[in-house]
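Thank you all for coming; I would like to walk you through one structure, slowly, and please keep the sequence beside you while we look at the picture together.

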Amino acid sequence: MNAPNPEHDLGVLTGLRSGKRSFYPAYVRSTERLERTVAALDGISRALVRTAEGPRALVEAVVRAAAEHLQAHWLLLVVADGALRAARPRFLLYADDVLIDDEARLPAEPREHLAVLRSRPWEAATSAPDRAWVRAPMTLDDEPVGGIAARPGLGVDVADTDLAILRVLANQAAVALHNSYLFHAATTLRGRTEALSEAAERQARDLAARNAELAATQERLFGAMRRQALDDERHRIARELHDSVTQYVLSAGMTVEVCRAELEAQGGPAAEIAGRLATAKDLNRQAVERLRAAIYALHHTSEEPAGPLPVMLERLSTVHLPTDLDVRVRVEGGPVPLPPHAEQSILRLVGEALFNSAAHGRAGRALVRLRYRPRAVTVSVSDDGGGDPAQLRRALRLSRAADLSGRHRGLTNMVARAEELGGRLSIVRSGMGGVMVRVEIPLPVRTAGEADDER
C-alpha cells in the first residue's frame, strides 16, 4: 500500500490543490469576490427605491456587478422582443470597461447570444458544456423576459451559486425596468387628472413596498445561499473523513491488534508490551467512535429538527459507515413517543450494529426493523455478512466477564444500553444469512433516573 500523501489529503479536505502558502491568498480572493458582489447588490437594492431616477443607472450597475463577479471578458444583458415594451435600454454589453448599447458595435460572439435572448428567452438557462460561456434567465412573474450571457474570465470556475447570483441580478433589472414603466405611467396619469391622483399615489406606494420586499427577499436569498454553501462544505468534509481518515484509523487499529496477538503469543517481556498495545487498540476504537460521531454531526446541521425515531433511523442509515452498505429501514405498527434518552440509546445501538455489519461482517445489505407493539418496542438490525452469531455470543460472554484486550467492547456497550432501558439484547442468525442483533424494550420505557437508581 502506498503511503498517504499529506498534501493530497489537505487538498481533498479543503478543496485546495496545494498545501503551500499560495492556498490562503486564493481563498481570500474567492471570499473577497463574494463580498464585493454582496456589497454591489446592497447598492442596487438601495437604488431600486429611487424609481424616479430611471432604470438606466440601475441596469448599468447590474451589468457591472455581474461582470465583476465572473471576472468576465464580456457580459450582455438583453430584454426579449415583445417583453417590457417601454423598457430602455433593450440590451447593454459590458466589455473592456466600456458599456455598449449600439448593435452595430457588438462583437460577433455577443451578437449570437443577443439573437437567442431576444427571440428565444426561454433558452437562457443553458451554458456551454465546459462553461466557456454561461447564460442566466431574466424573469418577471415567472415569465421569461430576457437574460444575461457572459464569457467568464480565465480560471473562474462557475458554480451553481454563481448562476443563482446572475439570476438574482437579472431579475432585479427586470423589476426595475417594469417598475419604472409603471411609476412613470402612474405619474402621467396623476398629472392628467386630479381624479386619479389618489390611485396614482397608492400605486407609487405599492411600487415602493414592492421594491422594499425585493430587497428583503434578496437578503434572505443570499443568507440561504451562504448557509447552503456552508452545509455543502460540511457534507464534503464528512464524506472525506468517512472515506479516508476513518479508514486510516481502522487500519491502524487492525495493525495494532495483529502486533498485540504476535507479542502475546511470545510470552515473557513481550506479553507486557502486548498489554500496552491492548490499551492502544482501545484508544483507537474510541477515536473511531468519535470520528463517527463527528461525521454524523457534520451531516446534520444544528438547524435541522431532530424528528421522530423512524426519521432519525432513516438519517442514521445514510452516514458514518466504513463501506457502501445498502441499508433499508422498515417501521411496523403505530409510532409511540419515547423519552429522548431512550431514542438516543436506540440510535446508538443501531449505529453500532450497522458499523459492525459493515466493518466486521463485510455485509453488503442490512435491514433495520422498528416494531411498535402494545407492550414493547423492538428494533433489530439484520445483514447478509459473514458473521457467526454463536461466536459473537461466546465473545460477548467472555468480554463481560473479563475483557482484558479491549476487544468486543462495542457489543458490551450495546448490552449495557439495552439493560439501562429495561430491555434485553439477543444475537441470532438473520434471514438474510448473516447476523441479526435484536433489542426488545418494554413499555413504558424506564426513565434515566430509574436506571441511575438501579445502578
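Let me begin with a question for you: which residues in α8 are buried? Keep in mind, while you look, that this is a predicted model. The buried ones in α8 are Leu-309, Pro-310, Met-312, Leu-313, Arg-315 and Leu-316, and with six of its eight residues buried, this helix is mostly covered.

Now let us step back to the whole chain, which holds twelve helices and ten strands. Of the 455 residues in the protein chain, 42% are buried, and if we take the contacts with a separation of 6 or more, 65% of them are between residues 24 or more positions apart.

The part I would like to build up carefully is an open sheet of five strands, which follow one another in the order β6-β7-β8-β10-β9 with mixed pairing. The edges are formed by β6, residues 326-332, and β9, residues 424-429, and because each of these has a single partner strand, one side of each is left without a neighbour in the sheet. From one strand to the next, the twist averages 15°. Helix α8, which we met at the start and which covers residues 309-316, packs on this sheet, where it touches β6 and β7, and its direction makes about 170° with that of β7.

Two of the pairings show what mixed looks like in practice. Strands β6 and β7 run parallel and are joined by seven bridges, and if you want a pair to find on the screen, Glu-332 has Arg-371 in β7 as its bridge partner. Between these two strands the chain crosses through α9, and this β-α-β crossover is left-handed. By contrast, β8, residues 376-383, and β10, residues 435-442, pair in the antiparallel sense over seven bridges, and here Val-377 has Ile-441 in β10 as its bridge partner.

The helix in that crossover deserves a moment of its own. Helix α9, residues 340-359, lies across β6, β7, β8, β9 and β10, and runs at about 15° to β8. From its first C-alpha to its last, α9 reaches 28 Å with its 20 residues, close to the 28 Å expected at 1.5 Å a residue. Like α8, it is mostly covered, for 16 of the 20 residues in α9 are buried.

Let us turn to the interior. The largest nonpolar core has 38 residues, and the members that touch the most others are Val-63, Leu-75, Leu-77 and Met-138. At least two residues of this core come from each of α3, β1, β2, β4, β5 and α5, and α5 gives the most, with ten residues. If we follow Val-63 and leave aside its neighbours within four places in sequence, we find it in contact with Leu-75, Leu-77, Leu-92, Tyr-94 and Leu-99. Apart from this core lies another, of 37 residues, and Val-350, Ala-363, Ala-366 and Leu-370 are among them.

I will finish with a single residue and one last question: is Asp-282 buried or exposed? Asp-282, which is found in helix α7, residues 269-299, counts as buried because its relative accessible area is 15%, and the cut-off for buried is under 20%. Its C-alpha atom is separated by 8.6 Å from that of Gly-253, although the two residues are 29 residues apart along the chain.

Note on methods. Residues are numbered from 1 along each chain as its sequence is written. This is a predicted model: local features need pLDDT of at least 70, side-chain atom pairs count only at pLDDT 80 or more; totals for chains, interfaces and linings use all residues. Side-chain values use heavy atoms; hydrogens and water are left out. Two strands pair if DSSP finds at least two bridges between them. Helices (H or I, at least four residues) and strands (E, at least two) are DSSP runs, numbered from the N terminus. Axes are lines fitted to C-alpha atoms, for helices over the stretch in contact, and angles run from 0 to 180 degrees between N-to-C directions. Contact means heavy atoms within 4.5 Å. A nonpolar core is a set of buried Ala, Val, Leu, Ile, Met, Phe, Trp, Tyr and Cys residues joined through side-chain atoms within 4.5 Å. Buried means under 20% relative accessible area, exposed over 50%, partly exposed in between (1.4 Å probe, protein chains only). The expected span of a helix is 1.5 Å times one less than its number of residues. A crossover is right-handed if, with the strands pointing away from the viewer, the path from the first strand over the helix to the second runs clockwise.
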